[in-house]
Amino acid sequence: MIAMLTIPSPLGALRLYADADELIGVHLPDQRAPDAVPRTTDVLACAASQLAEYFAGARHAFDLPLAPRGTGFQRLVWHALVAIPYGETRSYGQLAHAIGRPAAARAVGAANAKNPLAIVVPCHRVIGASGDLTGYAGGMDAKRWLLAHEHARPARGVAREVSFVLRSVERVTAR
């Protein structure tokens with residue numbers, strides 16, 4: 001049975017989905033999502049924590065057990081999305097080259113649009129060849145926000161930021 005947890009975010013309510021101990025979906029407010037039983041599981045709690053760290057600027061990559069459901073080609077594209085560094089973008093054509101299918105930019109775009117793990121599998125980092133922002137399943141405002149968020153927090157200061165967040169959490173829990 002699929003479990004779901006809704007969490008607040010700067011983009012609105014995110015819905016996280018898990019099947020057993022694997023994350024299968026992260027849906028933004030404007031995305032259609034599957035029916036599920038609202039309940040918290042370990043993987044959903046971990047995903048919620050890591051997303052909170054991401055929104056706080058303290059996390060630039062996710063360490064979660066993922067099981068996105070899709071075709072072999074879609075999973076190949078989604079795997080390549082994870083390799084796009086935080087704060088950077090790639091075009092659909094560049095992504096097609098990265099997976100060894102240089103003529104498949106449109107198919108890459110279609111697979112990108114079906115990504116069930118928004119933010120965690122960073123499809124928001126894919127833009128048009130001209131540098132223009134292109135469609136995003138969670139809406140263009142969400143895409144703009146995510147790219148601005150990452151641009152404003154370059155990965156260089158990760159250790160310092162994480163340390164600060166951990167000290168802040170320790171102070172709050174010690175009270």
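**A sheet, a helix and two unusual residues**

Modeller: Welcome! Ile-119 has its place in the loop between helix 4 and strand 6 (126-127). Please keep in mind that this is a predicted model.

Colleague: Thanks! Is Ile-119 buried or exposed?

Modeller: The cut-off for buried is under 20% relative accessible area. Ile-119 has 1% relative accessibility, so it counts as buried.

Colleague: And what is the phi of Ile-119?

Modeller: Most residues other than glycine have a negative phi. Ile-119 is not a glycine, yet its phi is positive, at about 70°.

Colleague: Let's turn to the sheet. What is the order of the four strands in the open sheet?

Modeller: The pairing in this sheet is mixed. Strand 3 (22-27) and strand 4 (37-38) each pair on one side only, as the edge strands. The order is therefore read from one edge strand to the other, since each of them pairs on one side only. That gives 3-2-1-4.

Colleague: Which residue of strand 3 stands opposite Arg-15?

Modeller: Strand 2 (residues 14-19) and strand 3 run antiparallel and are joined over five bridges. Along this pair, Ala-18 faces Leu-23 in strand 3. Opposite Arg-15 stands His-27.

Colleague: How many of the six residues of strand 3 are buried?

Modeller: Strand 3 is an edge strand. Even so, strand 3 is mostly covered, and its count of buried residues is five.

Colleague: Is Ala-20 buried or exposed?

Modeller: Ala-20 belongs to the loop between strand 2 and strand 3, a hairpin with two residues between the strands. Ala-20 also has a positive phi of about 60°, although it is not a glycine. The cut-off for exposed is over 50%. With 60% relative accessibility, Ala-20 therefore counts as exposed.

Colleague: At about what angle does helix 1 run to strand 2?

Modeller: Helix 1 covers residues 42-55 and lies across strand 1 (2-7), strand 2 and strand 3. Relative to strand 2, helix 1 runs at about 145°.

Colleague: Which element gives the most to the largest nonpolar core?

Modeller: This core has 43 residues, and Leu-16, Leu-23, Leu-51 and Ile-119 touch the most other members. Several elements each supply at least two residues, including strand 1, helix 2 (72-82) and helix 5 (140-152). With seven residues, the one that gives the most is helix 1.

Colleague: Which valines are in contact with Leu-51, leaving aside neighbours within four places in sequence?

Modeller: The contacts of Leu-51 include Ile-7, Leu-14, Leu-16, Phe-62 and Ile-119. The valines in contact with Leu-51 are Val-26 and Val-120.

Conventions. Residues numbered from 1 in each chain as written. Predicted model: local features only at pLDDT ≥ 70, side-chain atom pairs only at ≥ 80, totals over all residues. Heavy atoms only, no water. Contact = heavy atoms within 4.5 Å. Axes fitted to C-alpha atoms, helices over the stretch in contact; angles between N-to-C directions. Buried < 20%, exposed > 50% of the residue type's maximum accessible area, 1.4 Å probe, protein only. Core = buried A, V, L, I, M, F, W, Y, C linked by side-chain atoms within 4.5 Å.
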